[in-house]
Amino acid sequence: MNAPETVRASDTFADLVAAEDVLLFVNAAITATGQREFRSAAADQQLSLDFLHTYVRVNYRRVYAASLALDINHHNAALIVRRLLETAGEASPGERRTEGRLIAARLALLPPPRVYRLFGELRRAGVNNRRTRAIVREWLAARPDLGHDAVKYRAGLKRAARHIHLPCPEGSGPLSEVGEFLFRPGRLPRYEHGMLDAWRRAHYEQGALAELPFTVAEGFAAKHGMKREVFLKRAAPRMTRLERLRTQEMRAAVRRPNAPSAEVDLTVMPLTRLALYVLSLGFEQRAERRAELSGALRAAARRATGAHAGSWGRVHAVLDDSFSSSGSGQKRRRPLAVALACHHLLEALAAPGAYRGLWTSGAGDALLVRPWGPTPLGMRVLDALEPGPDGAAPDRLVIVSDGWDNAPAGLAGEVLRVWRRRLDPERRTAVVHVNPVYDAEGFDVRRLAAGVATAGIRDAEDLPALVEIARFAEGRTGPAELYAYLDRRVARFTGEGEREGVGVVA
Amino acid sequence: MNRLELTGLTARPSQVWGGVRLVPLVREAPVEGLRLHREVYEGLGAGIVELGPRTRYVSYVPHGLVADWSGEGGPGPETGRKSAAYGTQFGGGGAPRGIQLPPVPHHRQAKRRPGDRLRFLPLHLALEGYLSLHFGGPSTAWEEWSRTALRDGLSPRAEDAYLGRSVRGLGDALRIFEIHPGQCGVMVYVCDALAAAFVVPHPDDYRLLHASLVEDLYGELVHQHALYGAPVPENPVRIGGEEHIRDLGELRAAARVQERAWEEAHDTLFSRELLDTPYAFDKVYRMKSFTLWRFLPPFVRDGGGQHIGETITDHKGQVAYLKTFRLSDPQIRRGHLLRTLSGAGWELDRAAVALGSSREELVRRMRAAGFSALLKGSV
């Protein structure tokens with residue numbers, strides 16, 4: 001935790017500490033997923049994150065709940081919801097109302113498997129009060145098709161239904177069939193609901209597989225001994241977007257060379273996922289499909305920038321492709337993918353032709369990057385600070401790195417410190433460091449220097465919002481602005497235009 | 001030749017993890033005409049080595065190195081197949097992995113292979129050189145020496161070493177180390193004490209052999225430092241005199257100065273004990289313009305580290321390959337005692353004078369160093 005450089009007289013010390021803790025937690029909640037990282041094991045990450053959650057929940061409960069409104073990752077969102085519901089007794093009625101709204105809004109955004117897992121955790125933790133039951137019931141009621149969930153997330157739905165005593169009356173009605181399917185399987189000779197019936201028929205009929213969700217059909221295909229390639233080709237129309245991306249290579253491998261390409265439309269994929277996909281390909285393939293891949297990356301970046309496109313002026317970026325950006329076995333090449341996605345996103349955000357991206361390895365071709373070599377961040381930052389072709393200094397300098405500057409250690413921080421103090425005291429260039437890796441030992445993302453705003457990042461698409469948060473970490477804005485910002489985000493998130501009644505800070 | 005010449009190798013900024021500091025050594029250009037390949041042996045490192053007729057030892061032999069001075073370039077498919085005859089080759093794409101090792105002992109520590117190739121067992125050469133120091137025992141049958149000493153010499157002679165995996169933090173430090181472009185070597189420091197130096201002729205060889213450092217042997221001191229020592233500071237750079245910096249060019253120059261400062265600091269401060277020590281070199285094998293040596297330190301007791309090791313040098317005496325092992329203090333003491341005794345013709349009184357102490361003191365020291373069996377009980 002770094003002390004801000006300038007402290008206003010009006011802010012008390014406790015306020016500043018509180019504001020710092022909030023930023024620390026937000027950074028952690030965006031980056032940490034409890035998975036193995038390049039430098040720390042999964043257990044270290046979970047232990048560190050667990051402490052941070054408890055610390056913030058006990059000391060700043062309102063902020064803890066309000067962080068549900070930010071772009072935090074799914075792992076932390078589920079964790080926060082669980083912790084809030086577990087300790088509902090510590091909140092006042094007013095807080096509980098706000099929390100309830102935030103939880104409902106966040107659950108609606110989470111992917112269903114994660115929500116079902118969360119419900120299972122609540123059941124295991126013995127959290128079963130009227131409020132929790134209502135939250136689960138409302139979420140289930142909002143599901144478009146419980147029959148689909150009953151097939152695809154069978155154990156999860158069953159556990160949730162049992163936990164909240166979901167009434168599944170016998171007789172007719174959509175819920176009764178789901179109840180029969182979950183709790184009294186094999187009783188009904190056939191189901192009215194198409195997918196439930198397809199599941200029943202899939203036990204003996206291969207044709208029914210085409211009607212089932214991909215993950216469920218996979219199991220039946222194995223049972224029927226279907227060939228994987230044949231199965232994938234048939235199941236393609238019913239796959240989700242990410243399933244299609246995941247099985248793309250396997251399907252491409254069996255396609256005959258002159259057959260019509262049944263390829264996924266890459267341009268509709270989210271930017272960071274697309275970058276991960278690109279990096280999973282070999283160099284030859286990337287070079288062969290250069291036009292297609294970089295076109296898709298550009299399109300995804302343009303879509304992600306939305307209204308911000310072209311509004312950032314001259315942008316220079318330092319992107320980390322050192323060996324540590326290879327991530328871990330669980331988060332394979334994640335930091336590098338974030339850097340690659342940021343590269344394209346910043347290109348779209350910058351004014352046309354006013355973007356310059358520098359990789360730490362000195363690579364010139366963004367499409368062919370690979371995680372290799374040391375991290376000479378200091379020298380690259382110097383290169384990036386050089387004025388652009390039009391002779392003007394950049395308006396923004398964005399550094400995408402895990403913060404382990406090691407050739408030599410700490411040079412980047414020193415360069416930025418001296419440069420800020422001696423060469424750019426008027427702050428013409430805004431420097432922001434975004435870090436995709438949670439440092440378990442520091443309870444935060446690793447920083448380069450005290451004066452540089454650092455924000456955690458999970459998906460490159462969130463970059464514009466993150467830069468807004470990172471502003472608060474620079475220490476030039478006070479806690480009051482930070483809390484006002486949180487309030488605005490909460491209000492927008494829970495769908496209330498007005499700001500009263502949602503106050504995050506007392 | 002009595003010193004190690006590391007010309008052509010430049011130290012780059014160190015990478016620290018816990019108590020382990022790894023300093024990469026980078027070559028401007030790879031050494032011409034010599035490549036090193038690795039062969040991995042089956043059996044989790046348990047191997048038998050045949051030293052001569054009816055002399056064998058059982059030891060930890062995780063891998064061997066094959067020096068190739070045929071100048072055929074990288075480990076192509078043909079050379080890969082050749083060297084995979086007794087083990088696994090990581091370099092060759094088409095080479096089969098994990099060939100069964102026939103249950104025959106390794107014949108000698110350094111063994112010529114078909115073509116211009118030499119297989120040798122890394123660190124075994126060096127350790128054997130240390131263990132066999134005055135192994136024959138007293139050259140003159142003075143009455144103080146026991147009958148065992150006169151008959152069998154120092155046999156059995158044993159020393160302890162630790163596997164790299166059991167050195168706390170070393171495995172992690174090597175795993176997360178970011179290899180520099182052109183890197184041909186590394187210096188391993190544990191608690192800022194030089195634990196090992198490793199140099200190869202070519203960057204590609206280094207990339208394949210980097211992970212093998214964790215299977216190497218390390219001295220007792222290294223193990224203890226890693227176990228009980230505190231994490232070492234990373235020494236982040238500090239740009240001084242910032243008030244004189246007026247533009248970006250001067251800032252860049254100041255940053256360059258920091259980079260150079262580290263190189264000089266490393267050469268003069270860190271690796272000095274390795275480079276400034278006169279060694280006794282012992283030629284093992286001659287391969288055209290390259291020579292494989294093993295070396296022993298002078299066993300002086302000045303508090304600094306003493307390293308044994310093996311090296312391949314070119315005709316100019318520059319190091320193409322180097323692997324060292326840091327001796328612990330008791331090991332240095334034993335080496336020192338043996339050197340002094342043999343220098344004094346194994347005569348206790350003369351040796352005591354050379355050591356500047358009394359005969360009783362020398363006997364006490366010998367017994368404390370584990371050489372009781374050499375002396376008669378009545379001495």
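The following exercises, with worked solutions, concern a predicted model that contains chains A and B.

**Exercise 1. Determine how the radius of gyration of chain A relates to that of a compact globule with 506 residues.**

Step 1. Chain A holds 22 helices and seven strands.

Step 2. For 506 residues, a compact globule would have a radius of gyration near 23 Å. The value for chain A is 25 Å, which agrees.

Step 3. Along the principal axes, the C-alpha trace of chain A spans about 80 × 65 × 40 Å.

Step 4. Of the residues of chain A, 45% count as buried. Among the contacts in chain A between residues at least 6 apart in sequence, 69% join residues at least 24 apart.

Step 5. The domain assignment divides chain A into domain 1 (112–189), domain 2 (202–263) and domain 3 (272–477). Between domain 1 and domain 2 of chain A, the C-alpha centres are 28 Å apart.

**Exercise 2. Carry out the corresponding analysis for chain B, with its 379 residues.**

Step 1. The secondary structure of chain B consists of eleven helices and 18 strands. Its radius of gyration is 23 Å, close to the 21 Å from the globule rule, so chain B is as compact as a globular protein of that length.

Step 2. A box of roughly 80 × 55 × 40 Å, taken along the principal axes, is filled by the C-alpha atoms of chain B.

Step 3. Buried residues make up 40% of chain B. Of the contacts in chain B with a separation of 6 or more, 63% are between residues 24 or more positions apart.

**Exercise 3. Describe the side of chain A that touches chain B, by helix and by residue class.**

Step 1. The contact involves 26 residues of chain A and 24 residues of chain B.

Step 2. On the chain A side, α19 (377–385) and α20 (411–423) each supply at least two residues. The largest share, eight residues, comes from α20(A).

Step 3. Sorted by class, this side of chain A has 14 nonpolar, seven polar and five charged residues.

**Exercise 4. Establish how the buried residues of α2(A) are arranged around the helix axis.**

Step 1. Helix α2(A) covers residues 42–59, and its 18 residues reach 26 Å from the first C-alpha to the last, close to the 26 Å expected at 1.5 Å a residue.

Step 2. Its buried residues are Q45(A), S48(A), L49(A), L52(A), H53(A) and V56(A). They lie on the same side of α2(A), because they cover an arc of only 135° around the axis.

Step 3. A general property of helices is relevant here. An α-helix has 3.6 residues a turn, so residues three or four places apart point the same way.

Step 4. On the face of α2(A) turned away from the buried side are the exposed residues A43(A), F51(A) and V58(A). The cover over the buried residues of α2(A) includes α1 (13–31), α3 (61–66), α4 (74–86) and β5 (438–439) of chain A.

**Exercise 5. Apply the arc argument to helix α6(A), and identify what covers its buried residues.**

Step 1. The 13 residues of α6(A), residues 112–124, should span 18 Å at 1.5 Å a residue; the end C-alpha atoms are 18 Å apart, which agrees.

Step 2. V115(A), Y116(A), L118(A), F119(A) and L122(A) are the residues to consider, as they are buried in α6(A). Their arc around the axis is only 155°, which puts them on the same side of α6(A).

Step 3. The elements covering these buried residues include α4, α5, α7 (130–142) and α9 (154–163) of chain A.

Step 4. After α6(A) comes G126(A), whose phi is positive, near 70°.

**Exercise 6. Decide whether L85(A) and A108(A) are buried or exposed, and state their partners in space.**

Step 1. L85(A) belongs to helix α4 of chain A. The cut-off for a buried residue is 20 or more other C-beta atoms within 10 Å. L85(A) has 22 and is therefore buried.

Step 2. Leaving aside residues up to four places away in sequence, L85(A) touches L122(A), V127(A) and T132(A). L85(A) and I135(A), 50 residues apart in sequence, have C-alpha atoms 9.9 Å apart.

Step 3. A108(A) is located in helix α5 (residues 93–109) of chain A. A residue is exposed if 12 or fewer such neighbours are found. A108(A) has 11 inside 10 Å and so counts as exposed.

Step 4. A108(A) and W139(A) are separated by 31 residues in sequence and by 7.1 Å in space, C-alpha to C-alpha.

Note on methods:
Residues numbered from 1 in each chain as written. Chains lettered and ligands numbered in written order. Predicted model: local features only at pLDDT ≥ 70, side-chain atom pairs only at ≥ 80, totals over all residues. Helix = DSSP H or I, 4+ residues; strand = E, 2+ residues; numbered from the N terminus. Rg over C-alpha atoms; globule rule 2.2 N^0.38 Å. Contact = placed C-beta atoms within 7 Å. Nonpolar A, V, L, I, M, F, W, Y, C, P; charged D, E, K, R; others polar. Expected span 1.5 Å × (residues − 1). Arc of directions from axis to C-beta. Domains from an automatic or database assignment.
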